Amino acid sequence: MDQDQVMEQSVLPLTLSQQILHDALARNPELRSTVSLSARLVGELDIAAFRASLRDLVERHDALRIAIGTRRDGTAYQWFREAPAECGTVKIQRIKASSEDQFTRFVRKVAMLDTLRAWDMSEDYPFRFRLLSRTADCHAFLATFAHQTVDSATHTILTRDLWQLYRRRVDGESAAPAQSHGSFAEAVRAQLDRDLRADDNLPIDFWRGRLEQAHACAFTFTAPQDPVATAEPIHLKLSLTGPRLTALRIAARRSKCSELQLIQGAFAATIFEFTQQRTITFTTPVDTRRRADHGVLGMFDLSLPLTLERAASWPELLAAVRQESFDVLRHRQVTHRMLTGIGPSSAGWIGGGSAGNLRMSYVRVASAESQPADDAIQADYGWYKPRLNRVSAAVELRIGSWPDRIEFGISFDGGQVPESSARAVTHTLDRLLTFSQA
């Protein structure tokens, strides 16, 4: 679409989070950056109501209607479109499969293809919804999003709103309720306002000081002798359920920290066993939503570094994690102007990049609000999640938290970490995530 066809008053610049990701994708067109959600739906799903509720969802959240273009001078911008027609919101297919295993394999393949397919952000809507049905009471819902428009909070917000809207449709309500929260466009304008406050230098001073301490981790294990031959990523998994999960959550409450902070402490303690450094730095996506943005879909995540010093005891390390988390959250509202003010030291650290080699991400995958309001349908999330063979750091820890389990995916760059060391790191983390209920 030519820029002259877009009404200037509807055009907004990209946020810092969006701009950093947009630039990275422009430099590396072969990269794909998506946020995906999948669910196995068991029960008598009202397909017409489900289709209508997805259209209502797109109408409610303007981030699902974003288009991104580029001006003649190379500057990227975004605008917000009308929602597509209901028939164009979701692809619905009936799949012939001899067994549920065959159906599952097929759905995972479709999910993988949707994840790997490139986005044309000037023309495509930034979502791909699919409902694949094997029988009248066995369905697969796939949702894939362009990462430039949404972040890690998508799962919680989308599933909550989707089932609320579905319930309304089943009950005969013909339209979505009035939007009771803000919009992503409003959040973008608020960030522009913050960027114009020349007297707000507190985040600049904070991050200048923090980034003086940030550095990549030097591991004690020996890197593979032939990094090219061993460059294939190494993917390992852990899972906490039952008594171990209960013990971890009790330990978090007793330590007056969150589940995430407890896991960050265990991750840091693990890495300290494989380095002689006094401090370590890992990057993690931080939600920059203001209170007014609660419940708003959009790209609010900004990767920020957390730096921790080696501690003499576990309680001291947890105390440091709590303080560092508080400090980073307090200064998380970084804007374009602030990034320029911070200077060259921000390169590769704020917003992601290659400066660090430790990365951690945490997603709360489901809650009671993520389930349909009645007992007619059961939603099992993550059932069809595609398995991607990629890693963005030497050591990358991905955490998904469910009410009944926590799953850990630990990926290693095979060119930097030998498999024996990868397994040793995973075993150490598993040990440090074991707590007593006593």
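Here is a short tour of one loop residue and some charged pairs.

This is a predicted model, so local features need pLDDT of at least 70 and side-chain atom pairs count only at pLDDT 80 or more, while totals for chains, interfaces and linings use all residues. Residues are numbered from 1 along each chain as its sequence is written, and side-chain values use heavy atoms, with hydrogens and water left out.

Start with Gln 333, in the loop between helix 9 (314-330) and helix 10 (336-342); helices here are DSSP runs of H or I, at least four residues, numbered from the N terminus. Gln 333 counts as buried, at 18% relative accessibility (buried is under 20% relative accessible area, exposed over 50%, partly exposed in between, with a 1.4 Å probe and protein chains only).

Now add Arg 194: its side chain makes a polar contact of 3.0 Å with that of Gln 333 (a pair of N or O atoms within 3.5 Å; within protein, one must be able to donate a hydrogen and the other to accept it, and residues adjacent in sequence count only if both atoms are side-chain atoms).

Next, the salt bridges: the whole structure has 22, each a side-chain nitrogen of Lys or Arg within 4 Å of a carboxyl oxygen of Asp or Glu.

- Select Arg 55 and Glu 59, bridged at 3.2 Å, N to O. They sit four residues apart in helix 2 (residues 47-60), so about one helical turn separates them.
- Go to Arg 160 and Asp 161, with closest N and O atoms 2.9 Å apart; both residues are buried.
- Finish at Asp 171 and Arg 167, bridged at 3.2 Å between the closest N and O atoms. Asp 171 is exposed at 51%, whereas Arg 167 is partly exposed at 21%.

Notes:
Helix = DSSP H or I, 4+ residues; strand = E, 2+ residues; numbered from the N terminus.
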